[in-house]
Amino acid sequence: MTKYIFVTGGVVSSVGKGIAAASIGTILKSRQISVAAQKLDPYLNVDPGTMSPLQHGEVFVTQDGAETDLDLGNYERFIGVDLTAESNVTSGQIYSAVIAKERRGDFLGGTIQVVPHVTNEIKQRFKQLAEKSQAEVIIAEIGGTVGDIEGQPFLEAIRQMHSDVGQENVLYVHVTFLPYLNATQEVKTKPTQHSVNELRRIGIRPDVIICRSDYPISEGIRSKISLFCDVDLEAVIPLPTVPTIYEVPLVLEEAGLGKIVVSKLGIKAHKPDLRQWQKLVNYLKTPSELINVVLVGKYVELRDAYFSVREALRHAALYHNRELNLFWVDSENLERDGSEAYQQLNTAQGIVVPGGFGLRGIEGMIKAATYARENKIPYLGLCLGLQVMVIEFARHVFKSNLPNSSEFDTSTPYPVIDLLPEQKTMENKGGSMRLGNYPCKLIEGTRAAKAYGENLIYERHRHRFEFNNKFRAELEEAGLVCSGLSPDSKLVELCELADHPWMVSCQFHPEFTSRPNQPNPLFRDFISVAKDVLREGDQPPLPLSP
Ligand code: GLN
């Protein structure tokens, strides 16, 4: 029988409920229990693919091409699994499915209601994932906080699961936040009590409360929460803010959460083995030489928009025993010559141009690519970053400012990036891109082939526009190397410059497959070259005295 862990949030959002859910996965996996994770988002969009990254943060793409919440990235990184479309459910999907069934006549004669029709559809999604993944435990996180109007059907569905699958198979974890009052210098529990009351009102009794706080949580505070919220003292788990998210599984394990979960759900498990994870955290916390990377993006106001890119850079830096010193540069600010943002490039040992959509900020990214090419600074282009690199190189080769992508200039005489003819008639924006895993063959002797050490790779995509083959011969002649191609050689997947230490770009998103203990090869090699770049004013490391 599959076991279910339902994770809800209380008090405020953005306290790391997703990291907590992912970390429960890590500690179960460390006991050799198979785990799958699911995020249920109460908003009405069918998926986050059409939402602005500035509102929603990164859109994480699964191998099977679902555009999902960024928490899925954390589940993949923490649990070490590749998830599928079943792992992200939204109200939009649920209501569309129910209404489609109604139109088909599946409920003829009936009145369609939130309970039971919508809740049944939600419960169906838990079971679908259980079947598809065959995991022993499903961790399902409900987005938002208890009390949100949109979240009600999801909470009702998880309440019903209690009697549907038996209480011994269900565990409710509530993640709350304990605010700190400076005046009285104390951590307050009242908001947590209210939020647990709200859960109880709808019939959910939490088994575990994870208490997030920026301050230490005393035994007294834990007892108080245990008493007022009617949760075992040992199941009130403090989770103070830690220097790195990767430490959270260790903190939760140390507080006894693994034991509680296994015993409450009656799972036979091996002893936990978190040695690898501990080693990773030790490395992360050991001070090491910095590596300066500048990320030139258009959504830098919200760092969550580049969550996986930042993590992939961290994994790669860690691999080379470096600490990532990441500077966020708004590409719009780069458009003005001599700007402060432009000065920032002078500190870069490596430049990253990540994915994005729309014209705003593109010229600034092109400037960053010119800077990287002319100054021989390592450059990693991710999706839009490849398109920017190609536009920049074409402007240089054709000695013209006109080369562009038809996404940004529909009348350019040099559409070096363009839609494929079959895409030109597409009407819907949602879910209509080239999404998910596609094969890519690597060309021998290139930097890309060296990084992967293989001749066929699979990486995840999310884009509409492609390298325009009409310009390929001329650009190749001038030193652009198309180092990765689709198996039929029609689509350019990777580009690099022959006459540059490491200027490599890909049409896919390698950041999604990077893992803390296994950096993606492109990120790994990018940092490897960047770490040896010396910038103005830098001192080479002094030789150790004998
Ligand atoms: N806007 C570009 C395209 O649609 C790049 C997309 C991206 O960076 N994910 O092809």
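Strand E2 (residues 35-41) and strand E6 (residues 137-142) run parallel and are joined by six bridges. One residue pair to look for here is Gln-38, whose bridge partner in E6 is Ala-140. Helix H5 (residues 114-133) packs on the sheet and touches E2 and E6, along with strand E1 (3-9) and E5. Set against the direction of E2, that of H5 makes an angle of about 155 degrees. All of this comes from a predicted model.

Stepping back to the whole sheet, E2 and E6 belong to an open arrangement of seven strands, in the order E5-E2-E6-E1-E7-E10-E11, with parallel pairing. The edges are taken by strand E5 (88-90) and strand E11 (236-240); each has a single partner strand, so one side of each is left without a neighbour in the sheet. On average, and with direction ignored, neighbouring strands are turned by 20 degrees against each other. Over at the E11 end, helix H8 (residues 219-229) lies across strand E10 (208-213) and E11, and runs at about 135 degrees to E11.

Further along the chain there is another open sheet, this one of three strands in the order E16-E17-E20, and its pairing is mixed. Strand E16 (404-405) and strand E20 (466-467) are the edge strands, each pairing on one side only. Helix H16 (residues 384-397) packs on this sheet and touches E16, E17 and E20, with its direction at about 170 degrees to that of E17. Strand E17 (residues 415-418) and E20 run antiparallel, joined by two bridges. Ile-417 has Phe-467 in E20 as its bridge partner.

H16 also turns up around the ligand: this helix and strand E19 (456-463) each supply at least two residues of the surrounding shell. The residues around the ligand are Gly-355, Gly-356, Phe-357, Cys-383, Leu-384, Gln-387, Glu-407, Arg-462, His-463, Arg-464, Phe-465 and His-509. Sorted by class, that shell has four nonpolar, five polar and three charged residues.

As for polar contacts, a polar backbone atom of Gly-356 sits 3.0 Å from an oxygen atom of the ligand. Gln-387 uses its side chain instead, with a polar atom 3.0 Å from a ligand oxygen atom. His-509 places a polar side-chain atom 3.2 Å from a nitrogen atom of the ligand. Taken alone, the ligand exposes 300 Å², and the protein buries 99% of that.

How values were computed. Residues numbered from 1 in each chain as written. Predicted model: local features only at pLDDT ≥ 70, side-chain atom pairs only at ≥ 80, totals over all residues. Heavy atoms only, no water. Pairing = 2+ DSSP bridges. Helix = DSSP H or I, 4+ residues; strand = E, 2+ residues; numbered from the N terminus. Contact = heavy atoms within 4.5 Å. Axes fitted to C-alpha atoms, helices over the stretch in contact; angles between N-to-C directions. Near = heavy atom within 4 Å. Polar contact = N/O pair within 3.5 Å; in protein donor to acceptor, adjacent residues only side chain to side chain. Areas by Shrake-Rupley, 256 points an atom, 1.4 Å probe, with all protein chains shown as cover. Nonpolar A, V, L, I, M, F, W, Y, C, P; charged D, E, K, R; others polar.
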